[in-house]
Amino acid sequence: DPHVAAGAHDFVQFACAQCHGDLGRGGVSPDVPALTGVAKELSPSDLRSIIDHGLGESSNPTKPYMPVWRGVISKTQVDDLIAYLRAGLPAVPTAVS
């Protein structure tokens, strides 16, 4: 699926693995969720809201938080990221950091 592949590239381009781990498997911090099950638990609109508006508090410097990506990532890129998440974050050979 070209949207899943594009989402994998966006995942790399926007350094999502820096917090969510390789292929979204977590392990970076207990405060940051693995993404492998998130897409099955959350609706596409919930995922869009989290990506667009962030999640958590930035006021505590000891805790990581999901930053606001609205205005940084296009609507199409968010759509592709959601497709990638909902596909289970498959490995895409051309999307490497």
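# Exercises on charges, cysteines and a pocket

Lys75 and Asp79 are joined by a salt bridge, with 3.3 Å between the closest N and O atoms. Keep in mind as you work that this is a predicted model. Let's start with that pair.

## Exercise 1: A shared partner

Find where Lys75 and Asp79 lie, and work out which residues are joined into one network by salt bridges that share partners.

**Solution.**

Step 1. Place the pair. Both Lys75 and Asp79 belong to helix α5, and four residues, about one turn of the helix, separate them.

Step 2. Check how open each residue is. Lys75 has 58% relative accessibility and is therefore exposed, while Asp79, at 30%, is partly exposed.

Step 3. Look for another partner of Asp79. Arg48 also makes a salt bridge with Asp79, and here the closest N and O atoms are 1.9 Å apart. This pair links distant parts of the chain, as Arg48 sits in helix α4 and Asp79 in helix α5, 31 residues apart. Arg48 is partly exposed, with a relative accessibility of 22%.

Step 4. Put the two pairs together. Lys75 bonds to Asp79 in a salt bridge, and salt bridges with shared partners make one network of Arg48, Lys75 and Asp79.

## Exercise 2: A bridge between loops

The structure has three salt bridges. Find out where the two residues of the Asp31–Lys63 pair lie.

**Solution.**

Step 1. Look at the contact itself. The Asp31 and Lys63 side chains form a salt bridge with an N to O distance of 3.4 Å.

Step 2. Locate the partners. Asp31 is in the loop between α2 (17–20) and α3 (38–41), and Lys63 is in the loop between α4 and α5 (75–86), so described as a link between distant parts of the chain, 32 residues apart.

Step 3. Compare their surroundings. Asp31 is partly exposed at 40% relative accessibility, and Lys63 is partly exposed at 40% too.

## Exercise 3: A charge without a partner

Is Asp10 buried or exposed, and which residues does Asp10 contact beyond its sequence neighbours?

**Solution.**

Step 1. Find the residue. Asp10 is part of helix α1, which covers residues 2–13.

Step 2. Recall the idea behind pairing. Side chains of opposite charge can pair when their charged atoms come close.

Step 3. Apply the idea. Asp10 is buried but has no salt bridge, and Arg48, the nearest side chain of opposite charge, is 11 Å away. A salt bridge needs a nitrogen and an oxygen within 4 Å.

Step 4. List the contacts. Setting aside residues within four places in sequence, Asp10 touches Gln77, Asp80 and Leu81.

## Exercise 4: Two cysteines

Why is there no bond between the sulfur atoms of Cys16 and Cys19?

**Solution.**

Step 1. Recall what such a bond is. A disulfide is a covalent bond between the sulfur atoms of two cysteines.

Step 2. Check the distance. The cysteine sulfur closest to that of Cys16 belongs to Cys19 and is 8.6 Å away, so it is too far for a bond. For a disulfide, the sulfur atoms must be within 2.5 Å.

Step 3. Check the total. The whole structure contains zero disulfides.

Step 4. Add the surroundings. Cys16 is buried, with 16% relative accessible area, whereas Cys19 is partly exposed at 33%.

## Exercise 5: The largest pocket

Which residues lie nearest the centre of the largest pocket, and which element gives the largest share of its lining?

**Solution.**

Step 1. Note the space. The largest pocket holds about 530 Å³.

Step 2. Turn to the lining. There are 25 lining residues, and those nearest the centre are His20, Pro33, Leu35, Ile50 and Met66. Elements giving two or more residues to this lining are α2, α4 and α5.

Step 3. Pick out the main contributor. Helix α4 provides three residues, the largest share.

## Exercise 6: Positive phi

What is the phi of Ala15, and where is Leu89 found?

**Solution.**

Step 1. Recall the background. Most residues other than glycine have a negative phi.

Step 2. Look at Ala15. Its phi is near 55°, a positive value in a residue other than glycine. Ala15 is in the loop between α1 and α2 and is partly exposed, at 36% relative accessible area.

Step 3. Look at Leu89. Here phi is also positive, near 55°. Leu89 lies in the segment after α5 and is buried, with 3% relative accessibility.

Notes: Residues numbered from 1 in each chain as written. Predicted model: local features only at pLDDT ≥ 70, side-chain atom pairs only at ≥ 80, totals over all residues. Heavy atoms only, no water. Buried < 20%, exposed > 50% of the residue type's maximum accessible area, 1.4 Å probe, protein only. Lys, Arg positive; Asp, Glu negative; His and termini not counted. Contact = heavy atoms within 4.5 Å. 1 Å grid on protein atoms, 1.4 Å probe; cavity = no way out; pocket = protein on both sides within 12 Å on 5 of 7 lines; lining within 4 Å. Points joined across faces, edges and corners; volume = space filled by probe spheres on them.
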